[in-house]
Amino acid sequence: MKSNSGFTLIELILVTVIIGILAGMVVVTFGGRVQETQIRAAKGDIASFSTAIDLYALDNNDTYPPALDALTEAVNGKRNYLKELRDDPWGNPYNYTPATDAIKADYVVWSSGPDGVPGNEDDVTSTSSKE
């Protein structure tokens, strides 16, 4: 008796189609999650920057840092508030507008978002109320 071992062409095609359908479902399910995760990471970074900015102001007589770089340097013999400045999840530097004491303005830390263009709807922004 001759033994026919192996798979038929129909079986191979069927397995390939099933694997393709499963792969498509995974892409659809997790494809939109990447951008959502990047936005959450940017919000977390901005929250860390805001905490560091508030600590800086607390230690420096309510004077806010002139730039984010100041948070990584020791000021007046005091600690540095961040180990390093990271770029946002899209590879762009975070932006910072310092508070001004004269007009009691809020400071703003933001990311330009996925497109890297500031001032449009995909920006990730945090504002702090200076009271």
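pLDDT is the predictor's confidence in each residue, on a scale from 0 to 100. The model shown here is predicted.

**Exercise 1. Confidence**

State the mean pLDDT of the protein chain, and find where confidence is lowest and where it is highest.

*Solution.*
- Step 1. Take the whole chain. Its mean pLDDT is 82. A value of 70 or more is reached by 87% of the residues.
- Step 2. Go to the elements. Strand β3 (residues 124–127) has the lowest confidence, with a mean of 76. The highest belongs to β1, at 89.
- Step 3. Keep a general caution in mind. Where pLDDT is low, predicted coordinates should not be read in detail.

**Exercise 2. The fold along the sequence**

List the secondary structure of the protein chain in order.

*Solution.*
- Step 1. Count the elements. There are two helices and three strands.
- Step 2. Put them in sequence order. The pattern reads α-α-β-β-β.
- Step 3. Add burial. The protein chain has 131 residues, and 25% of them count as buried.

**Exercise 3. Aromatic pairs**

Classify the ring pair Tyr56 and Tyr81, then the pair Tyr64 and Tyr107.

*Solution.*
- Step 1. Start with the total. The model has four aromatic pairs.
- Step 2. Look at Tyr56 and Tyr81. Their ring centres are 5.6 Å apart and their planes meet at 65°, so this pair is edge-to-face. The cut-off for that class is over 60 degrees.
- Step 3. Place these two residues. Tyr56 belongs to helix α2 (residues 33–59), while Tyr81 sits in the loop between α2 and β1 (95–97). The two are 25 residues apart, and the pair links distant parts of the chain. Both Tyr56 and Tyr81 are buried.
- Step 4. Turn to Tyr64 and Tyr107. The centres are 5.4 Å apart, with 45° between the planes, and the pair is tilted.
- Step 5. Place this pair too. Tyr64 is in the loop between α2 and β1, and Tyr107 is in the loop between β1 and β2 (108–111). They are 43 residues apart.
- Step 6. Check burial. Tyr64 has 16% relative accessibility, so it counts as buried. Tyr107 is buried as well, at 1%.
- Step 7. Widen the view. Tyr64, Tyr96 and Tyr107 make up one aromatic cluster.

**Exercise 4. Core and surface**

Which residues touch the most other members of the largest nonpolar core, and which residues make a nonpolar surface patch of about 790 Å²?

*Solution.*
- Step 1. Recall a general tendency. In soluble globular proteins, nonpolar side chains tend to be buried together.
- Step 2. Go to the core. The largest nonpolar core holds 20 residues. Ile53, Tyr64, Leu71, Tyr96, Tyr107 and Val109 touch the most other members.
- Step 3. Find the main contributor. Helix α2 gives the most to this core, with seven residues.
- Step 4. Go to the surface. The patch is made by Leu9, Ile13, Leu14, Val17, Ile18, Ile21, Leu22 and Met25.
- Step 5. Take one of its members. Leu22 is in helix α1 (residues 9–31). Its relative accessible area is 48%, so Leu22 is partly exposed.

**Exercise 5. Salt bridges**

Identify the partners of Arg40 and of Asp45, and say where each pair lies.

*Solution.*
- Step 1. Note the count. There are two salt bridges.
- Step 2. Begin with Arg40. Its partner is Glu36, and the closest N and O atoms are 3.3 Å apart. That is within the 4 Å cut-off.
- Step 3. Locate the pair. Both residues lie in helix α2, four residues apart, about one turn of the helix.
- Step 4. Compare exposure. Arg40 is exposed at 59% relative accessibility, whereas Glu36 is partly exposed at 32%.
- Step 5. Move to Asp45. Its partner is Arg86, with the closest N and O atoms 2.4 Å apart.
- Step 6. Locate this pair. Asp45 lies in helix α2, and Arg86 lies in the loop between α2 and β1. The separation is 41 residues, and the pair links distant parts of the chain.
- Step 7. Check exposure again. Asp45 is buried at 11%, and Arg86 is partly exposed at 47%.

**Exercise 6. Positive phi**

Describe the phi angles of Asn61 and Asp62.

*Solution.*
- Step 1. Start from the general rule. Most residues other than glycine have a negative phi.
- Step 2. Read Asn61. Its phi is positive, about 55°.
- Step 3. Read Asp62. Its phi is also positive, about 60°.
- Step 4. Place them. Asn61 is in the loop between α2 and β1, and Asp62 is in that loop too.
- Step 5. Add exposure. Asn61 is exposed at 72%, and Asp62 is exposed at 53%.

Conventions:
Residues are numbered from 1 along each chain as its sequence is written. This is a predicted model: local features need pLDDT of at least 70, side-chain atom pairs count only at pLDDT 80 or more; totals for chains, interfaces and linings use all residues. Side-chain values use heavy atoms; hydrogens and water are left out. Rings of Phe, Tyr and Trp (its six-membered ring) pair if their centres lie within 6.5 Å; planes under 30 degrees apart count as stacked, over 60 as edge-to-face and the rest as tilted. Buried means under 20% relative accessible area, exposed over 50%, partly exposed in between (1.4 Å probe, protein chains only). Patches are made of residues with over 30% relative accessible area and no salt bridge: like charges are joined within 9 Å, nonpolar side chains (Val, Leu, Ile, Met, Phe, Trp, Tyr) within 5 Å. Accessible areas come from the Shrake-Rupley method with a 1.4 Å probe; for residues, only the protein chains shown count as cover. A salt bridge is a side-chain nitrogen of Lys or Arg within 4 Å of a carboxyl oxygen of Asp or Glu. A nonpolar core is a set of buried Ala, Val, Leu, Ile, Met, Phe, Trp, Tyr and Cys residues joined through side-chain atoms within 4.5 Å.
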